Amino acid sequence: VVAKVPTPARTIYMIELQPGKPGKALGTTTGWIFRLNMQRKKVVMMPNTSTVKIDDEGVHVQQKGKEVETIKVDNVVTCTGQRANKALFEALKAQDVIVHAIGGTRTAALMDGKLAIRDAAELAAKL
């Protein structure tokens, strides 16, 4: 039985700095389930990619060995680093930019990749 997944209303890009399969650090069973769910939902996974900048034109990214490309977006959700650092969050908030804290930034005591991914997916669904 194949689950029927509705066509997404928008394209979601998952940009990951690390090379290899996205979610590979989640573990053998969790990783493939994560990737399958992302594929079913038509998430564009971009491993080995760095974010060059974010501006009014979109998110400028560069995959290793390739030219910089710009992805036109309406919203940006970032999950960066392994330590809670709210400096960017607070600076953007002070400029009246709509921002949301997820994962370890939302809950400083927790550094949990699964929590951050779930928070990001739930936030993306609300946006």
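This briefing covers the confidence, overall make-up, three-stranded sheet and one buried histidine of a predicted model. The protein chain has 127 residues, and its secondary structure comes to 4 helices and 5 strands. Three of the strands, S3, S4 and S5, form an open sheet with antiparallel pairing. His60 is found in S4 and is buried.

**Confidence**

- The mean pLDDT of the protein chain is 80, and 84% of the residues score at least 70.
- Confidence is highest in strand S5, at 95.
- The lowest value belongs to helix H3 (residues 103-106), where the mean is 68.

**Overall make-up**

- Along the sequence, the elements of the protein chain follow the pattern β-α-β-β-β-β-α-α-α.
- Buried residues account for 20% of the protein chain.
- The protein chain has an accessible surface of about 9,600 Å², and carbon and sulfur atoms contribute 54% of that area.
- Of the contacts between residues at least 6 apart in sequence, 40% join residues at least 24 apart.

**The S3-S4-S5 sheet**

- The strand order in the sheet is S3-S4-S5.
- S3 and S5 (69-71) are the edge strands; each has a single partner strand, so one side of each is left without a neighbour in the sheet.
- From one strand to the next, the twist averages 30°.
- In general, strands of a sheet pair through backbone hydrogen bonds, in either a parallel or an antiparallel arrangement.
- Strands S3 (residues 49-55) and S4 (residues 58-63) run antiparallel and are joined by 6 bridges.
- These two strands, S3 and S4, make a hairpin, with 2 residues between them.
- Across this pairing, Ser50 stands opposite Gln62 in S4, and Thr51 stands opposite Val61 in S4.

**His60**

- His60 lies in strand S4 and has a relative accessible area of 8%; this residue counts as buried because the cut-off is under 20%.
- The side chain of His60 makes a polar contact with the side chain of Thr70, at 2.9 Å.
- Leaving aside residues up to four places away in sequence, His60 touches Ser50, Thr51, Val52, Lys53 and Asp55, along with Val68, Glu69 and Thr70.
- Ser50 and Thr51, both touched by His60, also appear in the strand pairing, where Ser50 faces Gln62 and Thr51 faces Val61.

Conventions: Residues numbered from 1 in each chain as written. Heavy atoms only, no water. Pairing = 2+ DSSP bridges. Axes fitted to C-alpha atoms, helices over the stretch in contact; angles between N-to-C directions. pLDDT = per-residue confidence, 0-100. Buried < 20%, exposed > 50% of the residue type's maximum accessible area, 1.4 Å probe, protein only. Contact = heavy atoms within 4.5 Å. Areas by Shrake-Rupley, 256 points an atom, 1.4 Å probe, with all protein chains shown as cover. Polar contact = N/O pair within 3.5 Å; in protein donor to acceptor, adjacent residues only side chain to side chain.
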